[in-house]
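Hi,

Here is the structure I promised to pass on. Have a look at it first, and then read my notes below.

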Amino acid sequence: KMKYAFQRQLNLSFDEVDSKIRYTLQKQGFGIISEIDIQSAMKEKLGVDFRRYRILGACHPPTAHQALTEELEIGLLLPCNITLWENDDHSVTLSAINAKEMLSVTGRDDLDELASQVNTWLQTAIDDV
């Protein structure tokens, strides 16, 4: 199985994890440019109850600019997604995309260094929560 995420399970409330990951991402130079509340979307679109689940789209502007300058189609792989969801025991699972694995689909080895740097920032943000 491909390891496509950095993941942690935390014994903190959903709101605490949400607040902390936003802060630690900001410290690493990321901004949140999109966010999807899956629980609300499932209720609204399907009328079903779903656990608290949020997808945050994190963007590191200088790196995004560099990647898009290299290859416009990389926009399909942006932003870097961070997910958090509440487990049945009320712990929270926090995940960040593995940028190196994600960008490997481009077949461009010249992007490895860029992806490795993004991974360092994302891993640090996850670890610091």
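H90 sits in the loop between strand 4 and strand 5; helices (H or I, at least four residues) and strands (E, at least two) are DSSP runs, numbered from the N terminus. Its phi is positive, about 75 degrees, although H90 is not a glycine. H90 is also exposed, at a relative accessible area of 55%. Here exposed means over 50% relative accessible area, buried means under 20%, and partly exposed lies in between (1.4 Å probe, protein chains only).

Before I go on, a word on what you are looking at: this is a predicted model, in which local features need pLDDT of at least 70 and side-chain atom pairs count only at pLDDT 80 or more, while totals for chains, interfaces and linings use all residues. Residues are numbered from 1 along each chain as its sequence is written, and side-chain values use heavy atoms, with hydrogens and water left out.

Now the sheet. It is an open one with 5 strands in the order 1-5-4-3-2, and the pairing is antiparallel. Two strands count as paired if DSSP finds at least two bridges between them. Strand 1 (5-10) and strand 2 (31-37) are the edges, each pairing on one side only. On average, neighbouring strands are turned by 15 degrees against each other, direction ignored; the angles come from axes, which are lines fitted to C-alpha atoms (for helices over the stretch in contact), and run from 0 to 180 degrees between N-to-C directions.

Strand 4 is worth a stop. Of the 7 residues in strand 4 (residues 80-86), 6 are buried, so this strand is largely enclosed by the rest of the structure. Strand 3 (residues 53-59) runs antiparallel to strand 4 and is joined to it by 6 bridges. Strand 5 (residues 92-97) is antiparallel to strand 4 too, with 5 bridges between them. Strands 4 and 5 form a hairpin with 5 residues between them, and H90 is in that turn. Two positions help you find your way across: I82 has A96 of strand 5 as its bridge partner, and W85 stands opposite T93 in strand 5. Just ahead of strand 4, have a look at P79, in the loop between helix 3 (61-70) and strand 4. The peptide bond from L78 to P79 is cis, with omega near -10 degrees.

Next, the aromatic rings. There are 3 aromatic pairs in the structure. Rings of Phe, Tyr and Trp (its six-membered ring) pair if their centres lie within 6.5 Å; planes under 30 degrees apart count as stacked, over 60 as edge-to-face and the rest as tilted. One of the pairs is F50 with Y53, which is tilted, at 6.3 Å centre to centre and 55 degrees between the planes. Another is Y53 with W85, which is stacked, at 5.4 Å and 10 degrees. Because Y53 lies in strand 3 and W85 in strand 4, this second pair ties together parts that are 32 residues apart in sequence. Y53 and W85 are bridge partners as well. Together, F50, Y53 and W85 are linked by ring pairs into a cluster. Within that cluster, F50 is partly exposed at 34% relative accessibility, while W85 counts as buried at 18%.

Finally, the helices. Helix 1 (residues 14-27) and helix 5 (residues 112-127) pack at about 145 degrees, their axes 8 Å apart. I21, T24 and L25 of helix 1 meet L122, A125 and I126 of helix 5, where contact means heavy atoms within 4.5 Å. By class, 5 of the residues in this contact are nonpolar, 1 is polar and none is charged. (Ala, Val, Leu, Ile, Met, Phe, Trp, Tyr, Cys and Pro count as nonpolar, Asp, Glu, Lys and Arg as charged, and the others, Gly among them, as polar.)

Two leucines of this contact reach further. L122 is buried, with a relative accessible area of 0%. Leaving out residues up to four places away in sequence, L122 touches F6, L25, F30, C80, I82, A96 and I97. The C-alpha atoms of L122 and F6 are 8.0 Å apart, although 116 residues separate them along the chain. L25 counts as buried too, at 1% relative accessibility. Under the same sequence cut-off of four places, L25 touches residues including F30, I32, A58 and I82. From L25 to I82 is 9.8 Å, C-alpha to C-alpha, and 57 residues in sequence.

Cheers
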